[in-house]
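Q: Please take a close look at a single helix of this protein. I should like to understand its dimensions, its buried side and its surroundings.

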Amino acid sequence: MLTYIISFGVLLAFALVIFCTIKWWNLRLVGPDPVGLFTFIAILFTSGLDVGLIMFPIAFDFPLYADVATEPAYGFTNPLALEFGFWGFLIWAFYFLTAFYFCAIEPRVKFFQHGLVKLINNLVIITTCAFTGALFLIYMPYYIPEMGDGETVIPAFYLICFLVILAASYSSTDIKYVKILSVGSTLVFFALIVGMWINAGMSGGEFVDTVSLVGGYFGNIHKFVIPLTEYHEFYLFWWFAWSIMIGQFTSRFVGGLKTWQLLASLLVFPSIPLVIWFSVAYYYHQNAIDMTGLVNWSMTVVGILFVINSFDSLIRLYTDNLNLTTDRYGKVQYVLGNAALLFVLTLAFQSQWLQIQWVGTVVICLYIACIAYVIGKREAISDMTETRPLPAE
């Protein structure tokens, strides 16, 4: 049943991407807090990805994709192409769709301002935020084996997770932090790649040989549209769970891009660092390079920054939506209240009491309801031309 749900959701989303791009090709998109392209991409990249980008490839994904005897569905291409397909290029069209919607359409129809819709949307944001924390907590033992046995979540990891959530709750109190965090995290991420490249002794020729394997994705791009396996299905639900809230958050920073430029930017620019990162990570996997010590700690630090970025943007989003602001409750109550709520939900996801597939299903239902509502309000968007969209409220 879940496979049918996510397949329908993905096909619907891509159909909407094509429709919106063709119909409003040259519409100029401006959010209420426009920034330059580099800052926008940095905000999108660090907010739209989470700790799984750092923690999954070497530890779990590459070995899984290479084991075609256990999972023959992965046999049509190489593990690097599969990893990129699960994280890069086409999948970012989801974020384009929602960023476009919140820039151009939502200010006119106000679907997400309705009480029930607002409640559901913010529950999605809160639970998905906690899912990010749970991933960080669950996979921390692998990356900091010096603090445990490499398998068990010990009390120190719970403390680290709570402190990370606390830091994100504090940073969400002022909009200036998101720009600093996003640009800083992007630069630190590139520094991690360079450091791991040097540590591996990877030559330019070896990098070219490795990165060329990504061509296996583009040669088989159609196979990534609907689920290949249950694991791929999990990834697609994960992307859907993030799609509305990331579009809602990043749309405020769009700085005058036309529709086609926004789509091209989201497909291409985030994919470049992903290709480089996965290629270096795959080289580590292929050559069984030791990662204990400085490499693991460096990856953990970058992972922590990504978690703080994700939490920061999502906390800011749902607190603004629900008017749970520092002005209303004070900074101390705001920070501690958000930290406590998200840490409890993180523990719920860690125990698998909650599932990201459920959240993704709810988001698909929101897509359907939104389409029906917009069709009923189509006169509100009938005059959308190349003029600047109305500012978001």
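A: The model is a predicted one, and the part chosen here is helix α8, which covers residues 155-171. Its length can be checked by simple reasoning. Helix α8 has 17 residues, and at 1.5 Å a residue these should span 24 Å. The end C-alpha atoms of α8 are 25 Å apart, which agrees with that expectation.

The next matter is which residues of the helix are hidden from solvent. In α8, the buried residues are F157, C161, V164, I165, A168, S169 and S171. A general rule helps in reading such a list: an α-helix has 3.6 residues a turn, so residues three or four places apart point the same way. The buried residues of α8 pack against four other helices, namely α7 (115-143), α9 (176-200), α15 (294-321) and α17 (331-350).

One residue of this helix, S169, may serve as an example. S169 lies in α8 and has a relative accessible area of 0%. Because buried means under 20% relative accessible area, S169 counts as buried. Leaving aside residues up to four places away in sequence, S169 touches I315, Y334, V335, N338 and A339.

For a wider setting, one may turn to the nonpolar core. In soluble globular proteins, nonpolar side chains tend to be buried together. The largest nonpolar core of this model has 139 residues. Those with the most contacts inside it are F100, I105, W238, W277 and M299. I105, for its part, touches W24, F100, V374, I381 and M384, again not counting residues up to four places away in sequence.

Definitions and conventions
Residues are numbered from 1 along each chain as its sequence is written. This is a predicted model: local features need pLDDT of at least 70, side-chain atom pairs count only at pLDDT 80 or more; totals for chains, interfaces and linings use all residues. Side-chain values use heavy atoms; hydrogens and water are left out. Helices (H or I, at least four residues) and strands (E, at least two) are DSSP runs, numbered from the N terminus. The expected span of a helix is 1.5 Å times one less than its number of residues. Buried means under 20% relative accessible area, exposed over 50%, partly exposed in between (1.4 Å probe, protein chains only). Contact means heavy atoms within 4.5 Å. A nonpolar core is a set of buried Ala, Val, Leu, Ile, Met, Phe, Trp, Tyr and Cys residues joined through side-chain atoms within 4.5 Å.
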